[in-house]
Amino acid sequence: ARVRRGRRMRGAQTATVPVASWAHAGSPPHHRNRNARVSVRSRSLIIGERTTRVFSKLDRLETRVETGVGRRVSMAASSGDGRRDNKHHAPPVVSGEEFHRRASEICHPRARDAHASFYSSWTDCITCDPSAFVLPMDDHMAHRGHGVFDTAHLHLGKLHMLDRHVERFFRSMEQANIVPPFDEETTKSLILRVAAAGGLREGQLRFYASAGPGGFALDQAECVRSVFYCVSVKKRSSPAGADSKSDAPASPESEADSKSTQSAFEADFKRDSNESPPRNIKHQRLETFLQIKGVSVVTSKIPIKPPFFATVKSTNYLPNALVVADAKSRGAEYGIWLTADGAHVAEGPSMNVGFVVGVDRGGEGGGAGGGNADGEEQGHVDGGEGNDDEEEGDTSEREKGEPRSEQPKQKRATFVFKTPAWDETLAGCTVARVVEFVNEGRFKHLGITGPALVGKITLEEAKNANEAMLIGSVINCLPIVTWDGAAVGKPHAGKVGAVAAAIAHAIAEDFERNEPELTPVPYELFE
């Protein structure tokens, strides 16, 4: 069917087709004018060996394509590498019903397996059909990136730190100039309802707020209303950095490496001062340690977002995606952003970073971390066995009546946990929880003294840290073992550190034991 703009073709039967009919069928009109009319000649079209006819009627365009022809065109339109040949590709115009049937048929396997339930305030309903997890194309979140989102972790049927994530979600909406579709309590209620409808006990609840549908301009004034979306998805089966299960026997090198890292981890635990951790807790931490695999990172070449946009959890993640692509192209798993001055570490593509740096007790600077203003006040939990022996020796000397010799106290190295300041990066809920762990003294047995430091960290300081790690709600805690091709960590360079393993265990444990911040999902609503 030939279409000529602005005039009729001689001798042709014509039909006037409103723009709305084209829009309903899913194809754009050839004219920008809303009152435009399209003249169509009804004639035979020869496609391959079959013939189709296009019948024109007032206010409606029906296209009838024989099934066999459709298959031939589809096969001819695709090249061997999966790309379409535009010269021969002729998609049909179909009804909304046919469109949804096709969408259901081509729903990809990952969606069917992992996408459990979806809510849209635009339609105000929940569906468990992954082919219906859609939003209008004229939604400003789709074509302008004018939207924000957040994610809550689901474990054993409970959402972890839901209140914190929803509070940040509302802060992001305020910064993005999006009118909240619902208040906080209603938002939380909808998130829980979507989780219950999906039936998952492990996974994530991802929720979004959009400026809304209404057109393709920049001005959000055209948007009909803001929209809330929520989707429940399964937990990633094999997150980056986790060892994949395999039936293949371990190589002698990997077994030796495992034993050496295990010994190093157990040695760190021997530094406990007064009390050793319960055996079951120690075993759990050791098990967590042995399951964690370090990751490689590179300093990203992609420019970081300006602070205003970096501190908003928006759906505009093009820079973040390019950071990952850049890292993969250079043989690493993640990229690390630097601040705008190029001298300080900022964050990962979708997670925060943390470091263990050394300071000496006198605050004069020691290890990779250099000096610390709070060093004099920060006490160090002394080592276990050596310290006990020393005290026993002193007691025996006093019992013998021998005078105690005055010896200068040796400065002992202590460590602090540092994470980059949140004025140029996103304030992560998970790294904030880790800071709380440190300040509570959770890692004193590993020599980590509080308070945790949130401030600037130079690239040199980060690369020379005793330990470096990525921290986020989806990845938990992943130790960084190489950075720009060089091994990271002390004294076991390129190995998983004891502190990172302990933090990973503490986060996992928090998913189960932090009752005040665990919200049960009301599965009984749909059972």
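This is a short walk through a few spots in the structure above. Keep in mind that the model is predicted.

Okay, let's start with helix α15, which runs over residues 498-513. It has 16 residues and reaches 22 Å from its first C-alpha to its last, close to the 22 Å you'd expect at 1.5 Å a residue. And where does the helix sit? Well, 13 of the 16 residues of α15 are buried, so the rest of the structure largely encloses it.

Next up, T187. You'll find T187 in helix α7, residues 184-198. Buried or exposed, then? T187 has just 2% relative accessibility, and buried means under 20%, so T187 counts as buried. As for company, if we skip the neighbours within four places in sequence, T187 is in contact with F169, F170, F182 and F228. There's also a polar atom on the T187 side chain that lies 2.8 Å from the backbone oxygen of D183.

Now for a contrast, have a look at H100. That residue belongs to helix α3, residues 96-105. H100 has a relative accessible area of 53%, so we call it exposed. Along the chain, H100 and S131 are 31 residues apart, and their C-alpha atoms are separated by 8.1 Å.

Last stop, the cysteines. How many disulfides does the structure hold? Zero. Quick reminder: a disulfide is a covalent bond joining the sulfur atoms of two cysteines. Two cysteines to look up while you're there: C107 counts as buried at 13% relative accessibility, and C477 is buried too, at 3%.

That's my tour, thanks everyone.

Note on methods:
Residues are numbered from 1 along each chain as its sequence is written. This is a predicted model: local features need pLDDT of at least 70, side-chain atom pairs count only at pLDDT 80 or more; totals for chains, interfaces and linings use all residues. Side-chain values use heavy atoms; hydrogens and water are left out. Helices (H or I, at least four residues) and strands (E, at least two) are DSSP runs, numbered from the N terminus. The expected span of a helix is 1.5 Å times one less than its number of residues. Buried means under 20% relative accessible area, exposed over 50%, partly exposed in between (1.4 Å probe, protein chains only). A disulfide is a pair of cysteine sulfur atoms within 2.5 Å. A polar contact is a pair of N or O atoms within 3.5 Å; within protein, one must be able to donate a hydrogen and the other to accept it, and residues adjacent in sequence count only if both atoms are side-chain atoms. Contact means heavy atoms within 4.5 Å.
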